[in-house]
2 protein chains.
Amino acid sequence: MLSFDDVLAARDRIYSVARRTPLQYSHTFSEMIGADVYLKLESLQRTGAFKIRGAMNRIETLSPDQRDAGVVTASAGNHAQGVALAATRSGVDSKIVMPEHAPISKVKATERYGADVVLHGADYNEAAERAHEIERREGRTYVEAFDDELVMAGQGTIGLEILDDCPMADVVVVPIGGGGLISGIATAIKARRPDARVVGVQAAGASSAAASLQKGSRVELDSVDTIADGIATRTIGEETFPVIEERVDEVVTVTDEEIAVAVTYLVERTKLLTEGAGAVPLAALLGDQIDVAPDETVVPVLSGGNIDLNTLTTVLMRGLIANGRYLKIRTVLKDRPGALLDLAGVIAENRANIYAIHHDRTSKDVAMNAAEVELDLETRGHEHVVELLDALEAAGYEVDILA
Amino acid sequence: MLSFDDVLAARDRIYSVARRTPLQYSHTFSEMIGADVYLKLESLQRTGAFKIRGAMNRIETLSPDQRDAGVVTASAGNHAQGVALAATRSGVDSKIVMPEHAPISKVKATERYGADVVLHGADYNEAAERAHEIERREGRTYVEAFDDELVMAGQGTIGLEILDDCPMADVVVVPIGGGGLISGIATAIKARRPDARVVGVQAAGASSAAASLQKGSRVELDSVDTIADGIATRTIGEETFPVIEERVDEVVTVTDEEIAVAVTYLVERTKLLTEGAGAVPLAALLGDQIDVAPDETVVPVLSGGNIDLNTLTTVLMRGLIANGRYLKIRTVLKDRPGALLDLAGVIAENRANIYAIHHDRTSKDVAMNAAEVELDLETRGHEHVVELLDALEAAGYEVDILA
């Protein structure tokens, strides 16, 4: 099983390429959560995520022959970029198989880090099959995304950094997909500070670790469904499971809505872009899923920031809606001069801001002498939404809430 | 005139509330710009921008009577939050006048930092009038946003931090609105390292400093127009102008499109949210507006991260379009089975990704047996856009580019 010495050894191998990432005290989240919160900003890691650490530890321990033959892997995400940059910086050739419909931005980033990208297959499984073919045919070493002790040890260096910067950490909260990240971190934390708790967080739509711990053996899910694509894994690893069983105190889950709210808070309050998978620790803390005392020090690991800009827009919108900060409504006006002005007056009196108005006099759903109007509004929170809706009703409007 | 000693004195006053912000080497921008680039991450400052430094220095130097009477100011932006938090942390009462239509998120943030917010007036000028009324009526001290040596000195502490972390800085690039930030930074840099250059950057639609330097006296613009609202100032200050004349080497301007591209790169590549005003130094460097040699060390100051989430979405879209990464087109299909499939085939062959399709068989602009289709596409850059459009034309489609 992965040992503390493995993590210490990794530390001597990875920093020629990986960055020691900052730990930042957050006034905002300390206040919201009711404890001292330090954010581990692994989203500022090179390639935008922690995967570079494990990849580098794996590649730096290849034999000379293995180095000459090069490496291969399959990934649509952070692992692709981590392997690409680690290999290039170690002078090792890399081939990365990505599914054909991988976002162009991720394909380009992987190429930019020096990998030879092969686009193949409709999904990750088909890409992985092709990568294993290349492994056999070309004699390349397949770099596992999580189920490999050297990879797990590399990710564990995050645990060492956390305790170096914050020796009094009481609770460390870590995302779980395949379990590589938390295996490494828990091994480091428990060796140095056995009383600290290590809590894993999964998306509710991809919670194989929670199910596996309950059952006492690895559970493979039939399907996964979450906006946190970085942890949308059907099962945890064979190597990671026993480490998690032994060294992780608890695993909790969060909903997509909670994830969207956490991503939105991180962007707005701390100016940090975090991907869904990277925001689950904070989502669990904000959702009171984890018990922390006011005098305790909590470290959520923001594991990555690689969120597609289109996904980001969608997630931010969901986050604002979930917090009562954005409201989309439809109502019907008498089609007479000034009707829209009257409506705008009620909204202004209640201090909501209008983002957009769609006004349609020809909709077939309403009476001939009426007009339908849709409004996108900026609101102050749930109470304000209720107040505003009450005021509209009192003024005689029938309102449908669209979002 | 502002002296280096003023800046040193400010350093002893501000760190009970202000954060010492990180300086981070950027592989991405070093490669793109062709020099060693270190980003000064002032966007990670408390309240999300540098204004807290100057506000704190001003408030900490109030007399006991002035402290008791409290402070007042007007602002729709970062200055509001900076004054609010600095006052609260110093135990001083604050009133901030904000224009009536200020974004709710900014009003709430200012209240959260402990200020009494007064909503008044249609724009900044009307809010400022009311704030000066309050100053007279209540005997409060008005905290200037930039035209005050104590405020300038506070912002100058950024220059000290830059040289502490990067003594070999050759070029420091700083946004200019009213000139408070660059006055302070230039004073610090030139005192410690006279050979370093300090370059100011303005938005092309709000370039009073550039015009003033050319004319040799302060120029007031009739109007300003830029997405960088943090530096949308009609004139630089009386106190800041002579400092800029003496200590700033050069002032350049950037367009809104260049600003949008810089914000987009910062989000995508470094996972940092930066407001338009904070991104102008990088925009100027990416646009080759500033001469830097390959062996030089350049420090763009990312002065703030307070961008409204709605503005962010718009800016990111503009940034992607400007880089050929997003394409919106309209074309007409024969209205027969499989026509849309044929079109999608041409797009797939050319490896563009389809984000959205709007298909309308009833548009009045097209012939009866044809249908109009609008496509939102993810593309790889300008060359790819040209290739794709050529391929569509070769396949017989007439294409309108919408964005």
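**Exercise 1.** What rotation, and how much shift along its axis, superposes chain B on chain A? Work it out on this predicted model.

*Solution.* Start with the general picture: one copy of a chain is carried onto another by a rotation about an axis plus a shift along that axis. Here the rotation comes out at 180° and the shift at 0.0 Å, with an RMSD of 0.0 Å. That is how a two-fold axis relates its copies. Next, check the contact surface: 98% of chain B's contact residues recur in chain A, so the same surface serves both copies. To find your way to the axis, go to B:Leu272, whose C-alpha, at 2.6 Å, comes closest to it among the residues of chain B.

**Exercise 2.** Find the largest nonpolar core and look around B:Phe29.

*Solution.* That core has 88 residues. Those with the most contacts inside it are Phe29, Leu39 and Ile290, each from both chain A and chain B. Now zoom in on B:Phe29 and skip neighbours within four places in sequence: its contacts include B:Leu39, B:Tyr265, B:Leu282 and B:Leu286. Another core, of 26 residues, lies apart from the big one, and B:Ile158 and B:Ala209 are among its members.

**Exercise 3.** Trace the open four-stranded sheet of chain A.

*Solution.* Write down the order, E5-E4-E3-E6, with parallel pairing. E5 (116-119) and E6 (141-142) of chain A each pair on one side only, making them the edge strands. Inside, four bridges join E3 (residues 71-74) to E4 (residues 94-98) in chain A, and A:Val71 sits opposite A:Ser94. Finally, add helix H7 (residues 124-138) of chain A: this helix touches E3, E4, E5 and E6 of chain A, at about 165° to the direction of E3(A).

Key:
Residues are numbered from 1 along each chain as its sequence is written. Chains are lettered from A and ligands numbered from 1 in the order in which they are written. This is a predicted model: local features need pLDDT of at least 70, side-chain atom pairs count only at pLDDT 80 or more; totals for chains, interfaces and linings use all residues. Side-chain values use heavy atoms; hydrogens and water are left out. Copies are superposed by least squares on the C-alpha atoms of residues with pLDDT of at least 70 in both. Contact means heavy atoms within 4.5 Å. A nonpolar core is a set of buried Ala, Val, Leu, Ile, Met, Phe, Trp, Tyr and Cys residues joined through side-chain atoms within 4.5 Å. Buried means under 20% relative accessible area, exposed over 50%, partly exposed in between (1.4 Å probe, protein chains only). Two strands pair if DSSP finds at least two bridges between them. Helices (H or I, at least four residues) and strands (E, at least two) are DSSP runs, numbered from the N terminus. Axes are lines fitted to C-alpha atoms, for helices over the stretch in contact, and angles run from 0 to 180 degrees between N-to-C directions.
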